[in-house]
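Here is a short note for someone opening this entry for the first time. Please read the points with the structure in view.

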Amino acid sequence: MTPIQQQSGPELNLTEYPPEVVAFQQRVRDFAQSEVLPRAIELDAAPHDHFAWHLVQKGHQLGLTRALLPPELGGLGVGVVGVCVAMEELAAACPGVALIFGATMLGQTPVLLSGEPGLQSRFLDMFMAEEAALACNAVCEEAAGSDLVIPESFEHAQVVTTLRRDGDDYVLNGHKRVITNAAVAAFATAFANIEGSHGASGLTCVVVPLDTPGVTRGPVADKMGYRACLGAELAFDDVRVPAENLVGGEGDGADLLVAQGNMARSSVAAVSRAWRGTRWSARSRSAASVSRAVRCSRTTR
Ligand SMILES: Cc1cc2nc3c(=O)[nH]c(=O)nc-3n(C[C@H](O)[C@H](O)[C@H](O)COP(=O)(O)OP(=O)(O)OC[C@H]3O[C@@H](n4cnc5c(N)ncnc54)[C@H](O)[C@@H]3O)c2cc1C
């Protein structure tokens, strides 16, 4: 079993950002204000399964898909603070676009924390390529949301996705929902319970390339907000995952979720900070609210 590793970034200093974070923040702000904000209303009003790959590609060129990764793995190495300021800048223009990159970071985190060079090379090198790639993190299910995120609630979890060892593989069965990027990601870091464990006490993470036989993506949820990012279902039907795609060891899922929360979920707080009106422009907020209200009135007529 490989111990899950904590990663370090630039020292946490919330009053004065390191120069590399300030420079990254400015680049992301320029991108958000010039490329994302003018399209925010259009993205919010688009069909629920529309996805703006061209914007993702531009964000990828800026380094948004490798911001969380350390320089030794080819990343920007701006740390959690750098990721948070980037997410806040993006969310000030469009929270849905911010979440596309945030969900990718969530998907990358278990691979990063695994400390496994083989796993990291197979699933993180793709973010250094010319063409944009995205990841997703699959935890939530129809009957289990918080029950799979809060370790104290694990005993209450029911009908959880399962993982069973079979020779050199694990066999994955179950159904995830509202998984951001599931429709467009190259891989998912999927959390499943070792078959036979009580509740979710055997929660374990595996990396699943989403072109693996037995994986079905969709449908995409028709959301009221965050419409620029696609939240979709992911069904796993006897999906064979090589044992080398295990992150850490069997039952390490709870520790992973906590470590992942410390690293990547702080960016969700940064998104909400922008949402709460401190940054999101009144212009885009009022217009997006109008477009949402119109859409809701259409669907409830
Ligand atoms: C925009 C968006 C994107 C998302 N993207 C992803 C993603 O990429 N991957 C993913 O896995 N999931 C994703 N989710 C789902 C998210 O993880 C779940 O919504 C979350 O885990 C909560 O689960 P739930 O919605 O089933 O709510 P529930 O777990 O049913 O909770 C409902 C309410 O009950 C409260 N509650 C629950 N348990 C307790 C308890 N024991 N004690 C006290 N109060 C409790 C909660 O705080 C909440 O207020 C996304 C959700 C949204 C809205």
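1. Start with the pairing of S1 and S4. The two strands run parallel, and four bridges join them. One position to look up is cysteine 136, which stands opposite alanine 188 in S4. Keep in mind that this is a predicted model.

2. S4 also pairs with strand S2, residues 162–166. These two run parallel and are joined by two bridges. Threonine 162 has asparagine 193 in S4 as its bridge partner.

3. How do S4 and strand S5 run, parallel or antiparallel? They run antiparallel, with seven bridges between S4 and S5, the latter spanning residues 203–209. Here alanine 192 has threonine 204 in S5 as its bridge partner.

4. Now consider burial. Strand S4 covers residues 187–194, and seven of its eight residues are buried. The strand is therefore largely enclosed by the rest of the structure.

5. A general reminder for viewing the strands: side chains in a regular strand alternate between the two faces of the sheet.

6. Next, the ligand. Which residues are closest to it? They are Val139, Cys140, Gly145, Ser146 and Thr180, out of 15 residues that surround the ligand. Two elements give two or more residues to this shell: strand S1 (135–138) and strand S3 (169–180). S1 thus appears in two places in this note: it pairs with S4, and it contributes to the shell around the ligand.

7. Last, the make-up of that shell. Nine of its residues are nonpolar and six are polar. No charged residue is found in the shell.

Note on methods:
Residues are numbered from 1 along each chain as its sequence is written. This is a predicted model: local features need pLDDT of at least 70, side-chain atom pairs count only at pLDDT 80 or more; totals for chains, interfaces and linings use all residues. A residue is near a molecule or strand if its C-beta atom, placed from the backbone, lies within 6 Å of it. Ala, Val, Leu, Ile, Met, Phe, Trp, Tyr, Cys and Pro count as nonpolar, Asp, Glu, Lys and Arg as charged, and the others, Gly among them, as polar. A residue is buried if 20 or more other C-beta atoms lie within 10 Å of its own, exposed if 12 or fewer, and partly exposed in between; C-beta atoms are placed from the backbone. Two strands pair if DSSP finds at least two bridges between them.
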